[in-house]
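Biologist: I would like to learn how to read this model feature by feature. Shall we begin with a helix pair?

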Amino acid sequence: MVNVPRLVVAAPASGSGKTTVATGLMAAFSERGLTVSPHKVGPDYIDPGYHALAVSGDGRARPGRNLDAYMCGPGLIGPLFAHGAAGCDLAVVEGVMGLYDGASGQGELASTAQVSKLLRAPVVLVVDASSQSRSVAALVHGFASWDPEVRIGGVILNKVATDRHERLLRDALDESGVPVMGVLRRTEQVGTPSRHLGLVPVAERRAEAMAAMRELAGRVRAGCDLTALLALARSAPPLDTRAWEAGASAVPVASVASARRGRPVIAMAGGSAFTFSYAEHTELLTAAGADVVPFDPLRDEQLPEGTRGLVIGGGFPEVYAPELSANEPMRKAVAELAYSGAPVAAECAGLLYLARSLDGRPMCGVLDADARMSGRLTLGYREAVAVGDSALARAGTRVRGHEFHRTVLEPGAGDAPAWGVVHPERRVEGFVRQGVHASYLHTHWAAAPEMARRFVERCSDG
């Protein structure tokens, strides 16, 4: 049984202020001395970076974790939550899109509402109150009554214009039965810069983000009833689940433990250009017997000593294409590792980095393909099947993943594709070449721990 107090921060629609409120609450409660566990519904990589920064006030690193019922399945939501929230005083879960919005055409699957029910967690609804007064009560009533299993325990009003506006909103909501637990003024929003895929990640603006976080915490602390919100979180009933364990999912392979070879070093790309990664991936690789060592393709000129495998996740290589291209020693090191047959797992940004060029600038040249920015956003969940055997998956392995990019790769697939996408459309994509598995598809290995095991086994066999 899990007894961590918890709140889900949701909204009627995107753009209402969920990230502002959720991150501000994480920071404000952390400043009060509580150990806060940050979570994000859905596949988003950027918000968890801000969440991790918000709860780092005690100097301890606690990663923001994702709860994605599409990629991981509803059955893993409770265990993954319990894993992340272990030892914490409070968990704050930021929702995705509107409260009841989920995977396209699949009902409530992967919605904030579904996750709140799976966690038996009360919901705080963040409402953009601009341009309305009494109508806010109808809106809140509709959301609170739509699904009786979703418990909306309070409202935080965002973008409130004046004291008079606040009085009108409060008077209207008095009749709804849902208490107002916070009011944030329209002039009190803390700006966070955005670009083509959303917020600029923390790794690219850490000093500015820390200053903004302190300001945000102060404004949320001043505008929200933290005592009432904590009481609401503590009203969540015990959750009947067991914590997910990376060690149970990825049993260490015997060959790795040999005295001669030791644990294989797997280099994990990071830095400003490669910020998209799930914490569970590192945990699974470590539990399977590897030493995961981070490196920065922008600044480092060589891979970590003894590298036997390479993981390059998502991020923004298109923003840093000149710098990545200019670091010729690293590009050559990556290419040499790939040509040696060592296992390389690349997703999205990693795929672009392995290409021949990106926006006309030389990249690693491992793949016979060229990438460029486009004006079209590719976004959505995917179901896919491994076309053939690779360092990451056996032929026929089925996964659920997510695509999120504004780039185009030509060609989009090699002679040996990585995945055959089966939903929502049918196509092949990505590349398998020697030990390389490169694709636009982001996957969550907690749902397929055998991928981490297989990857480490291949690294230890080299």
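Modeller: Gladly. Here α5 and α6 cross in a right-handed way (the near helix is turned clockwise from the far one by less than a right angle; anticlockwise would be left-handed). Please keep in mind that this is a predicted model, in which local features need pLDDT of at least 70, side-chain atom pairs count only at pLDDT 80 or more, and totals for chains, interfaces and linings use all residues. Residues are numbered from 1 along each chain as its sequence is written, and side-chain values use heavy atoms, without hydrogens and water.

Biologist: At what angle do α5 and α6 pack, and how far apart are their axes?

Modeller: Helix α5 spans residues 135–146 and α6 spans residues 163–174 (helices are DSSP runs of H or I with at least four residues, strands are E runs of at least two, and both are numbered from the N terminus). Their angle is about 45°, and the axes lie 8 Å apart (axes are fitted to C-alpha atoms over the stretch in contact, with angles from 0 to 180 degrees between N-to-C directions). This makes α5 oblique to α6 (under 35 degrees is roughly parallel, over 145 roughly antiparallel, 65 to 115 roughly perpendicular, the rest oblique).

Biologist: Which residues of α5 and α6 meet?

Modeller: From α5 come Val136, Ala137 and Val140, which meet Leu169, Ala172 and Leu173 of α6 (contact means heavy atoms within 4.5 Å). By class this contact holds 6 nonpolar, no polar and no charged residues (Ala, Val, Leu, Ile, Met, Phe, Trp, Tyr, Cys and Pro are nonpolar; Asp, Glu, Lys and Arg are charged; the others, Gly among them, are polar).

Biologist: And how do α1 and α8 pack?

Modeller: Helix α1 (residues 18–31) meets α8 (residues 226–234) at about 95°, with axes 12 Å apart. That makes α1 roughly perpendicular to α8. Leu25, Ala28 and Phe29 of α1 touch Leu226, Leu229 and Leu230 of α8, and this contact counts 6 nonpolar, no polar and no charged residues.

Biologist: Let us turn to internal space. How many cavities of 30 Å³ or more does the structure hold?

Modeller: There are 3 of them (sets of points on a 1 Å grid over the protein atoms alone, where a 1.4 Å probe fits but cannot get out; lining residues have an atom within 4 Å of a point). The largest cavity has about 110 Å³ of space (the space filled by probe spheres set on points joined across faces, edges and corners). Its lining has 14 residues, with Phe276, His281, Val311, Gly313 and Glu347 closest to the centre. Strands β10 (265–269), β12 (307–312) and β13 (344–347) each give two or more residues to this lining, which divides into 10 nonpolar, 3 polar and 1 charged.

Biologist: What lines the second largest cavity?

Modeller: This cavity, with about 40 Å³ of space, is lined by 11 residues, and Gly315, Glu318, Cys348, Leu352 and His405 lie nearest its centre. Strand β17 gives the largest share of the lining, 4 residues.

Biologist: Where are the backbone exceptions, such as the cis bond before Pro411?

Modeller: Most residues other than glycine have a negative phi, and most peptide bonds are trans. Here a cis bond joins Glu410 and Pro411, with omega about -5°, and Pro411 sits in the loop between β17 and β18. Another cis bond runs from His423 to Pro424, with omega near 10°. Asp359, in the loop between β14 and β15, has a positive phi near 50°.

How values were computed. 1 Å grid on protein atoms, 1.4 Å probe; cavity = no way out; pocket = protein on both sides within 12 Å on 5 of 7 lines; lining within 4 Å.
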